[in-house]
Amino acid sequence: MIKIIDYKAGNAPSVMHAVTRLGYGAGFAREPDSLAGATHIILPGVGSAGATMESLRGTGMAGALEDAVLRKKIPFLGICIGMQILFEHSEEGDEDCLGWLKGRVVRFDGKAVRVPQMGWNNVRLAESPVNAALEDHFYFVNSYYALPEDKSDVWGTADYNGPFTAAVHRDNIYATQFHTEKSGEAGLALLNGFLGLKKGAGLC
Amino acid sequence: MLTRRLIACFDIVNGMVTKAVRFQDNINVAPAGEMAGAMYDAQIDELIFYDITASAEKRPIDIETVKEVARRVFIPFTVGGGIKSLEDMYEALKAGAEKISVDSMAVRNPQIVSDGAKAFGSQCVVLSAQVKHTGLTPSGYEVYIDGARLATGMDAVEWLRRGQELGAGEICVNSIDRDGTLSGYDLELMRLAQDAVSVPLIASGGAGNPGHLKDLFAGTGVQAAIISSMLYSPRMERNYAVAELKEYLLRNGIAARPSRISGEARHEDQ
């Protein structure tokens, strides 16, 4: 079953609406045990890196996610804050995050551009099993963005005061800084591609 | 490149989209869910939905309508009206809204802005200000509340700045003077607003033809424009399709999310 991680600050209901629209059934995961049997895991996110990490650690969800995503290799999609916390550290609240991907998360320069970035930005995507289009507009709301250390993790790039990483992909881990669930048909297409993924053959 | 946004704004009464002139004389246009779905299909960038009688009737926002709209659209969606507490905000977010707009309530209780920003993040809290040129405040613009009926004596520019400090992640500036007049946005007001705050701004009030959108985007740093009459007011001689407006903006060098509906746009490129 598709599992959408739900914590009070997140926008899990919007993600559920989008998944439902695509014709899939999904359930919310609020405790670590509820990840058992997950075929796909989506970690939505709004709010701050600190509040999200606190919630994931406090509920034991952080450990359960590591088991499911890093060891069992279940396809994972992080959205917005759900992408930022995959890195080692976020400047927002000087927070240590999950560290699944090498790199850190920093703030846009408020002197150069309006912060948060809010709106539809043009994203250039590398080829992946998830996306058919290599370029499209997606909806962003973010004050912070990731600086991946390993450039091969970069899946999508957009421009806001220069180029920034808009999406990352490594093995079974996919994550978008933009709101896939609020990016119209382009976002739904991406989400549909992700939900069509099968768990990696020969892993587990 | 970040594009300028076109936002369709709905005033809702009893689940119906209505249209007013200078906050008065509402006439019904269509059921909210139906209209939201049609706007989504037309590839509008964003939606705002105001439950305009919730405050006066002292009831919470119409959650059923919020839910219905949320099931039909997969673009950002802001709701306002009848939001008095963190619980009200949470209910609306849980129903599928992306952002919450606070207006009169923020003037009466500014803490709702900071509490909302702390609980759900600044990006969820839109401060909406109804502004009228009265010449009675330092900037000349004054804040009104309660459906533009009650003057507050507060300076508009000062209030926008305060709203940002309190934690609003976006600010919507509504010109009472221009509302429903189809005479163009109040560019002077928008320039004052843009210099006062660094968060994204939405301009509202006065859009009557595509040229007004070009004037706004070319002439100010405002990132988003509310259009409603142009899209669906039965009082207008003609309404405009979203794709038509996007093509117009792109032709005039304004960054906009292109409409993907027609093959014709692609044909032009070849």
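Trainee: Which residues in α2(B) are met by B:A32, B:G33, B:A36, B:G37 and B:Y40 in α1(B)?

Mentor: Good place to start, and keep in mind that this is a predicted model. The α1(B) side of the contact is made by B:A32, B:G33, B:A36, B:G37 and B:Y40. Sorted by class, the residues of this contact are four nonpolar, three polar and two charged. Across from them, the α2(B) residues are B:T65, B:E68, B:V69 and B:R72.

Trainee: Are α1(B) and α2(B) roughly parallel or roughly antiparallel to each other?

Mentor: Look at helix α1 (residues 32-41) and helix α2 (residues 63-72) of chain B: their axes are 9 Å apart, and the angle is about 25 degrees. Angles under 35 degrees count as roughly parallel. The two helices α1(B) and α2(B) are therefore roughly parallel.

Trainee: Is B:S229 buried or exposed?

Mentor: B:S229 sits in helix α9 (residues 229-232) of chain B. Leaving aside neighbours within four places in sequence, its contacts are B:K19, B:G180, B:L182, B:A207, B:G208 and B:M236. A residue with 20 or more other C-beta atoms within 10 Å counts as buried. B:S229 has 22 within 10 Å, so B:S229 is buried.

Trainee: What distance separates the C-alpha atoms of B:S229 and B:A8?

Mentor: Along the chain, B:S229 and B:A8 are 221 residues apart. In space, their C-alpha atoms are separated by 9.2 Å.

Trainee: How many residues of chain A are in contact with chain B?

Mentor: Happily, we can take each side in turn. Chain B contributes 26 residues, and by class these are 10 nonpolar, eight polar and eight charged. On the chain A side, the number in contact is 30 residues.

Note on methods: Residues are numbered from 1 along each chain as its sequence is written. Chains are lettered from A and ligands numbered from 1 in the order in which they are written. This is a predicted model: local features need pLDDT of at least 70, side-chain atom pairs count only at pLDDT 80 or more; totals for chains, interfaces and linings use all residues. Axes are lines fitted to C-alpha atoms, for helices over the stretch in contact, and angles run from 0 to 180 degrees between N-to-C directions. Helices (H or I, at least four residues) and strands (E, at least two) are DSSP runs, numbered from the N terminus. Angles under 35 degrees count as roughly parallel, over 145 as roughly antiparallel, 65 to 115 as roughly perpendicular and the rest as oblique. Two residues are in contact if their C-beta atoms, placed from the backbone, lie within 7 Å. Ala, Val, Leu, Ile, Met, Phe, Trp, Tyr, Cys and Pro count as nonpolar, Asp, Glu, Lys and Arg as charged, and the others, Gly among them, as polar. A residue is buried if 20 or more other C-beta atoms lie within 10 Å of its own, exposed if 12 or fewer, and partly exposed in between; C-beta atoms are placed from the backbone.
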